Amino acid sequence: MKITDIRLAKISVPLRVPFKTALRTVDSVEDVIVEIHTDTGLVGYGEAPPTGAITGDTTGAILGALRDHIIPALRGQSLEEFEPLMKRLQKAVVHNTSAKAAVDIALYDLYGKMLGAPVYQLLGASRRSITTDITISVNPPEEMARDALVALARGYDTLKIKVGIDPTLDVARLCAVRQAVGPDIRLRIDANQAWTPKQAVMLLNQMQEKGLDIELVEQPVAGRDFAGLKYVTERSYVPVMADESVFSAEDAMTIMQMGAADLINIKLMKCGGLYNALKIASAAEVFGVECMIGCMLEAKVSVNAAVHLACAKSIITKVDLDGPVLCSEDPVDGGSVFDEKIITVSDAPGLGVTGIRGLQYLD
Ligand code: MG
């Protein structure tokens, strides 16, 4: 099975409400879609969201990396030699992990379709359904408490609370949410690099002393500040998860060797797709470090690929795949079923996506 053509398109899906973190505010999902066509007629689908504030990958950068480097490197290549193909993709251009992830996802989709098996089964098949949290955007405390109650009414029992804009409000934010939701709801928080190491230790320990019962904190300090992350991990009662610190298996290894974090957040857009995500998961297995699977604000094509990874690997014990349920509509046919907190993987071959409505082709 040979790659004959790679087509690029854009997709636009409005969010239910604006998404706000310490890094950015977003109103809609505006992603690049990759369609890989083959001489068998089979088509593989991938997706990349522009997240300039996190990965540096803007829409223009994603399209440029695909057109100038990745597509010329892959056209005419064979799916039967899968590992050389993945290496070719990763070597086509440095960085540009979102563009690589979109193509990696489409290639895994085709590989599964070629073999007649769902990708999660090819990778390990540890379960068929997973339970996701939902994100509460960072806002004034009362508004966040109201948003938390809306999430509970939708059936969620784990909330990921964004903090870090005006950190003096962060303890009050968590107090307001905990008071609104009661003691049985799991609260995890994400500072998106907003705190200094000392500020992080002070705020996290204040939260624990108030009995707010925080499950974990994601990325309290700057992504490249591994020493600062370790400082927080050693001094905080709250377990620390590395997110923006881990863009590769090498980053994950360094963090785990240093003991700089208790947990790792894997995202396909940070590491360049399933091929590299599997390396992070394997390294984490060796160190016995549990992982979360996360996503950016993405529609269902790429989040669906993350679902296959999570259903394959039991080292992934926490799931933050709420991109599709934050969208007001779902233009993707096939793939995993997102029923609020419960996500069930598809047993169709590949990643199970059969088509995408409303695409604007760019070629
Ligand atoms: Mg995060």
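**Close-up A. How the magnesium donors are spaced along the chain.** In this predicted model, the residues that donate to the magnesium ion follow the pattern D-x27-E-x24-D in sequence. D190 belongs to strand β7 (residues 186–190) and E218 to strand β8 (residues 214–218), so this pair ties together parts that sit 28 residues apart in sequence.

**Close-up B. The magnesium site itself.** Three residues coordinate the ion: D190 and D243 each through OD, and E218 through OE. The distances run from 2.0 to 2.3 Å. Are D190 and E218 buried or exposed? D190 comes out at 0% relative accessibility, so it counts as buried. E218 is buried too, with a relative accessible area of 0%.

**Close-up C. Cysteines without a bridge.** If you're hunting for disulfides here, the count is 0. Take C295, which is in no disulfide: the nearest cysteine sulfur belongs to C327 and is 9.3 Å away. With the cut-off for a disulfide at 2.5 Å between sulfurs, that pair doesn't qualify. C295 has 9% relative accessibility and counts as buried, whereas C175, at 27% relative accessible area, is partly exposed.

**Close-up D. Where the two domains meet.** The protein splits into domain 1 (3–116) and domain 2 (121–356), and their C-alpha centres lie 22 Å apart. Domain 1 puts 41 residues into the contact, and domain 2 puts in 50 residues. Together the domains bury about 3600 Å², with 68% of that area on carbon and sulfur atoms. How many salt bridges turn up across the interface of domain 1 and domain 2? The rule finds 0.

Note on methods. Residues numbered from 1 in each chain as written. Predicted model: local features only at pLDDT ≥ 70, side-chain atom pairs only at ≥ 80, totals over all residues. Heavy atoms only, no water. Donors = N, O, S within 2.8 Å, 3.2 Å for Na, K, Ca; no water. Helix = DSSP H or I, 4+ residues; strand = E, 2+ residues; numbered from the N terminus. Buried < 20%, exposed > 50% of the residue type's maximum accessible area, 1.4 Å probe, protein only. Domains from an automatic or database assignment. Contact = heavy atoms within 4.5 Å. Buried area = accessible area lost by both parts, 1.4 Å probe. Salt bridge = Lys/Arg side-chain N within 4 Å of Asp/Glu carboxyl O.
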